[in-house]
Structure formats: structure tokens, C-alpha cells
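Welcome! Let us walk through this structure together, one part at a time. Keep the 3D view open as you read.

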Amino acid sequence: MIADRPPPLIEVQPDAETLATAVAGELLNRIADAQAAGNVPHIGLTGGTIADAVHREVARMAADSGVDWGTVHFWFGDERFVAADSPDRNALQARAAFLDAVAATRVHEVPAADQVADAEAAAAAYADDVRTEGGGAFDVLMLGIGPDGHVASLFPGHPALEVADTVAAAVHDSPKPPPDRVTLTFEALERSHAVWFLASGDAKAGAVARALADDGTVAQTPARGVRGLVETTFFLDHAAASRL
Ligand SMILES: O=C1O[C@H](COP(=O)(O)O)[C@@H](O)[C@H](O)[C@H]1O
């Protein structure tokens, strides 16, 4: 499935702060370059600690970036199935960190638990949005990686790993709270031109090493199963890179 993709690149920064600044700068450059070439960028966002730091750096650097925020499409690789105003929601965190500050208008959110009947309905609505608005081919897809090797909301050994023929799936019994989630499937994630894994801290070092190892399985370490069409880069700090 991903054997034909270019091998991953690894970029290591001294600490989480420097990492966030570097990723934010690179993201702004990619978006500006895409717009200068006449393209409409589609960017996949992730939740998590380092992603939040990246988002805040994007907000800080936005004014000098030359990006036209009104035309950028923003998507989410996964979402926690909670109420729209829950602080656990990835979209709410991203809005607070930078989307509202830059006045982004094309933000594609997964429906929340107080908006649809269940996670299945949310996944179906999000899959429709991905199909109709063209978000199936992200220019840049940022992904966190859990200490267990999960990516988006695809957890080791979980039935959602096997979902095919759709771009978004409901997840129940997630080992990480909250238990109900919606995730893009491998089928959708692997359509990205550039996949950027973001990881900081000792707790991620083992998962990062397994994700990049020559051997191992996607079922054990789902992050092994996502590679970009033209680029995969692991953006790490020293601690997250310490077992490579
Ligand atoms: O629950 C989630 O966690 C992961 C990783 O978060 P982190 O705080 O350990 O960096 C994140 O990638 C995912 O989007 C989110 O739903």
C-alpha cells in the first residue's frame, strides 16, 4: 500500500518550542507557495500538545506570511466526538490557537456530539464533506503520534484500522479518552502530498522509533501506515528522536 512512497525524512530540533516555530514557518511557506502558484491549499490539522504549540506559532507569524487565509481549506485528521463547546474538541483548540485569529473561513469540522445522533452520523457527514469539497488530497497533513503509536484516531489493534471504502470512520472504545471519536481512514490519510508527523518529548520516543523501524506492523504501530505521496517528514525534538 505504501511501499512506493518516498522514504521518510527526519528533522530534529532541540526542544518543543523551537520545533513549533520551525514547523509553523514551514507550513506558512508551503501555503504561500501554493497560493503563489495559483493553487487552493488543503491543510490537514491534528490535535495534541505539540500541534497546539505549532498553531500558536502560526498565529504569531501569520501577519508577515503573505497567506490569503480566506482561501485555505482546513481539515482535521481526527476529532473527539464530544459537544461542540467541549475543550476536548480538536477543532475548538485549533480555532482558539489560530483559526479565529487569522479569520479562516473554510474550516471543515467534524459534526459534534450535540449536532448529530452518533459518531457514525458524524463520520458519514464528514466523509461527504471530504468528497465534495476536495479535501481528499491534502497539500500538507499534520499528524500527532501517540506513545502507543496511534495516528489520528487509529489505535493499535483497533477495528477501525480495517475500515476500507470510506474516508472517515467512527471509533468507539478508544483506549485514550474520550472513547468516541471520528477518524480519517488510511485510505484518506494516504492521499496527502506531504505528511508531517509532529512529536515532542520522551514519551513519544519509542513510538517514533517503531514508526520508522525497518520491521514491525501497522496493527502494532498505526503511524507506520501513513506516508505522503511526495513527502513524509518526522518533525521531532531531541527527546522524541532519542531512540532513533
Ligand atoms: O487524542 C489525540 O491525541 C493525538 C496525540 O496527542 P498528544 O497530546 O499526545 O500529542 C492527536 O494526534 C490526535 O489528533 C488527538 O485526537
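In this predicted model, the largest nonpolar core has 71 residues. Those with the most contacts inside it are Leu 143, Ala 168, Val 182, Trp 196, Phe 197, Leu 198 and Val 208. Helix H1 gives this core its largest share, eight residues.

Take Leu 198 as a starting point. Setting aside neighbours within four places in sequence, Leu 198 is in contact with Val 23, Ile 50, Ala 51, Val 54, Met 142, Gly 144 and Phe 235. Three of these partners, Ile 50, Ala 51 and Val 54, are among the buried residues of helix H2.

**The sheet**

How are the strands ordered? They form an open sheet of seven strands in the order S1-S10-S9-S6-S2-S3-S5, with parallel pairing. At the edges are strand S1 (9-13) and strand S5 (106-107), each pairing on one side only. Strands S6 and S9 pair in the parallel sense over five bridges, and Leu 143 stands opposite Phe 197 in S9. Helix H2 packs on the sheet, where it touches S2, S6 and S9, and the direction of H2 makes about 110° with that of S9.

**A closer look at helix H2**

Does the length of H2 fit its residue count, and what does the helix pack against? At 1.5 Å a residue, the 13 residues of H2 (residues 49-61) should span 18 Å, and the end C-alpha atoms are 19 Å apart, which agrees. The buried residues of H2 are Ile 50, Ala 51, Ala 53, Val 54, His 55, Glu 57 and Val 58. The elements they pack against are these:

| Partner of H2's buried residues | Residues |
|---|---|
| Helix H1 | 16-36 |
| Strand S2 | 42-45 |
| Helix H3 | 90-99 |
| Strand S6 | 140-144 |
| Strand S9 | 194-199 |

**A residue in a loop**

Now turn to Ala 104, which lies in the loop between H3 and S5. Why does Ala 104 count as partly exposed? It has 19 C-beta neighbours inside 10 Å, and a residue is buried only with 20 or more. Leaving aside neighbours within four places in sequence, Ala 104 is in contact with Trp 69, Val 72, Phe 74 and Leu 99. The C-alpha atoms of Ala 104 and Thr 71 are separated by 8.0 Å, with the two residues 33 residues apart along the chain.

**Confidence**

The protein averages a pLDDT of 96, and 99% of the residues score at least 70. For the complex, the predictor gives an ipTM of 0.95 and a pTM of 0.97.

Conventions: Residues are numbered from 1 along each chain as its sequence is written. This is a predicted model: local features need pLDDT of at least 70, side-chain atom pairs count only at pLDDT 80 or more; totals for chains, interfaces and linings use all residues. Helices (H or I, at least four residues) and strands (E, at least two) are DSSP runs, numbered from the N terminus. The expected span of a helix is 1.5 Å times one less than its number of residues. A residue is buried if 20 or more other C-beta atoms lie within 10 Å of its own, exposed if 12 or fewer, and partly exposed in between; C-beta atoms are placed from the backbone. Two residues are in contact if their C-beta atoms, placed from the backbone, lie within 7 Å. Two strands pair if DSSP finds at least two bridges between them. Axes are lines fitted to C-alpha atoms, for helices over the stretch in contact, and angles run from 0 to 180 degrees between N-to-C directions. pLDDT is the predictor's confidence in each residue, from 0 to 100. A nonpolar core is a set of buried Ala, Val, Leu, Ile, Met, Phe, Trp, Tyr and Cys residues joined through C-beta atoms within 7 Å.
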